[in-house]
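Let's take a friendly walk through a protein model, one stop at a time. Keep the sequence and the 3D view open as you read.

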Amino acid sequence: MAGTFITFEGPDGAGKTSVLAALMPKLQAHLAKPVRLTREPGGAKLSEAIRELILDPANTEMDARTEALLYAASRRQHLAEVIRPALEAGEVVICDRFVDSSVAYQGAGRQIGEDAVLAMNQFATEGLTPVRTLYLDVPSQVGLARIEAHRQDRQYDRLDRESIAFHQRVRGAYLRLAEREPERIVTIDATKPLAQVVSDCLGTLHTVLSASWLA
Ligand SMILES: Nc1ncnc2c1ncn2[C@@H]1O[C@H](COP(=O)(O)OP(=O)(O)O)[C@@H](O)[C@H]1O
Ligand SMILES: [Mg+2]
């Protein structure tokens, strides 16, 4: 495909959304082609409806594999409606979370198996894999403390209610993924101040997009 697919990953509170908000205008200034920021469920109507089912605290009966299948279904529709057309049009597409999140949260967090979740997502994505993934790494306590400190802007959802052990399993899975796929996954130390993390991410993106980078 003509475009470039890049994802940002990391535990809750790592700073993905903050970094991307600061990064996008800087990145666009360096590139002549359009850069699109998206996040699951990506504004796709079906994806959003599925996401509401997943996050609704009332759905206490949800089975872990049901949850994993719903995430994959939501992802599939976002990919079909948003990501793939943008890549076909030659855009740089940056997605806040993708398959690695499911491997980490459902595979390891919910303990239904990282490889099984990956295989099921490969069906959903037809193997579409980001050319580079920036993994924003923070210890679980740091991420959770950041979220708690800013709790007033955010409601609790089903996943927020998980234990510290759940979040530690999630981070462990991310670290294993990064070790397993060092060419794709770049680990960024996200405990640093936001401006430094933004600058580190921009440096990594420069290496991926150097062919179309304006001075
Ligand atoms: N590098 C950083 N240092 C300190 N606080 C940060 C940093 N990055 C983000 N934050 C704060 O942490 C909280 C979670 O950040 P957010 O961008 O929503 O993370 P994510 O999207 O990865 O869950 C926000 O309140 C944000 O202001
Ligand atoms: Mg976020």
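## Starting in a loop: Glu-126

Our starting point is Glu-126, which sits in the loop between H5 and strand S4 (132–137). Before going further, bear in mind that this is a predicted model. Glu-126 counts as exposed because its relative accessibility is 54%, and the cut-off for that label is over 50%. Its backbone is worth a look too: phi of Glu-126 is positive, at about 50 degrees, although this residue is not a glycine.

## Two more backbone oddities

Where else does a residue that is not a glycine have a positive phi of about 60 degrees? Go to Gln-111, which has that value. Gln-111 is placed in the loop between H4 and H5. With 58% relative accessibility, Gln-111 is another residue that counts as exposed.

Now jump to Glu-40 and Pro-41. The peptide bond that joins them is cis, with omega at about 5 degrees. You'll find Pro-41 in the loop between strand S2 (35–39) and helix H2 (45–55).

## Salt bridges: who holds hands with whom?

How many salt bridges does the count come to? The tally is 12. Let's visit a few of them.

One pairs the side chains of Arg-97 and Asp-12, at 3.3 Å from N to O. These partners come from distant parts of the chain, 85 residues apart: Arg-97 is in the loop between strand S3 (92–96) and H4, while Asp-12 is in the loop between strand S1 (4–9) and helix H1 (16–30). Are they buried or exposed? Arg-97 is buried, at a relative accessible area of 16%, and Asp-12 is buried too, at 18%. Both get that label because buried means under 20%.

## Glu-114, a residue with a few stories

Glu-114 belongs to helix H5. Its side chain meets that of Arg-176 in a salt bridge, 3.1 Å from N to O. Here, too, the pair links distant parts of the chain, since Glu-114 is in helix H5 and Arg-176 is in helix H7 (residues 164–180), 62 residues apart. Glu-114 counts as partly exposed at 21% relative accessibility, and Arg-176 has the label partly exposed as well, at 43%.

There's also a link to Ala-104. That residue is 10 residues from Glu-114 along the chain, and the two C-alpha atoms are separated by 7.0 Å.

## Lys-192 and a small network

Another salt bridge joins the side chains of Lys-192 and Asp-200, again listed from N to O, at 3.1 Å. Lys-192 is partly exposed, with a relative accessible area of 32%, and Asp-200 counts as partly exposed at 23%. Salt bridges can also share partners: in this way Arg-76, Arg-84 and Glu-126 are joined into one network. So our starting residue, Glu-126, turns up again here, as an exposed residue that takes part in that network.

## Around ligand 1

Which residues come nearest to ligand 1? Of the 14 residues around it, those are Gly-13, Lys-16, Thr-17, Ser-18 and Lys-192.

Let's zoom in on some atoms. A backbone N or O atom of Lys-192 lies 2.8 Å from a nitrogen atom of ligand 1. Gly-15 also takes part through its backbone, with an N or O atom 2.9 Å from an oxygen atom of the ligand. His-150 uses its side chain instead: one of its polar side-chain atoms lies 3.3 Å from an oxygen atom of ligand 1.

## The second largest pocket

How do you find empty space in a model like this? Rolling a probe the size of a water molecule over the atoms shows where space is left. The second largest pocket holds about 170 Å³ of space.

Its lining is made of 14 residues, and nearest its centre are Val-99, Leu-118, Gln-122, Thr-129 and Arg-184. Sorted by class, the lining has six nonpolar, five polar and three charged residues. Helix H4 (99–109) and helix H5 (114–125) each supply at least two of the lining residues. Which element gives the most to this lining? That's H5, with four residues. H5 is also the helix where we met Glu-114.

Technical notes:
Residues numbered from 1 in each chain as written. Chains lettered and ligands numbered in written order. Predicted model: local features only at pLDDT ≥ 70, side-chain atom pairs only at ≥ 80, totals over all residues. Heavy atoms only, no water. 1 Å grid on protein atoms, 1.4 Å probe; cavity = no way out; pocket = protein on both sides within 12 Å on 5 of 7 lines; lining within 4 Å. Points joined across faces, edges and corners; volume = space filled by probe spheres on them. Nonpolar A, V, L, I, M, F, W, Y, C, P; charged D, E, K, R; others polar. Salt bridge = Lys/Arg side-chain N within 4 Å of Asp/Glu carboxyl O. Buried < 20%, exposed > 50% of the residue type's maximum accessible area, 1.4 Å probe, protein only. Near = heavy atom within 4 Å. Polar contact = N/O pair within 3.5 Å; in protein donor to acceptor, adjacent residues only side chain to side chain.
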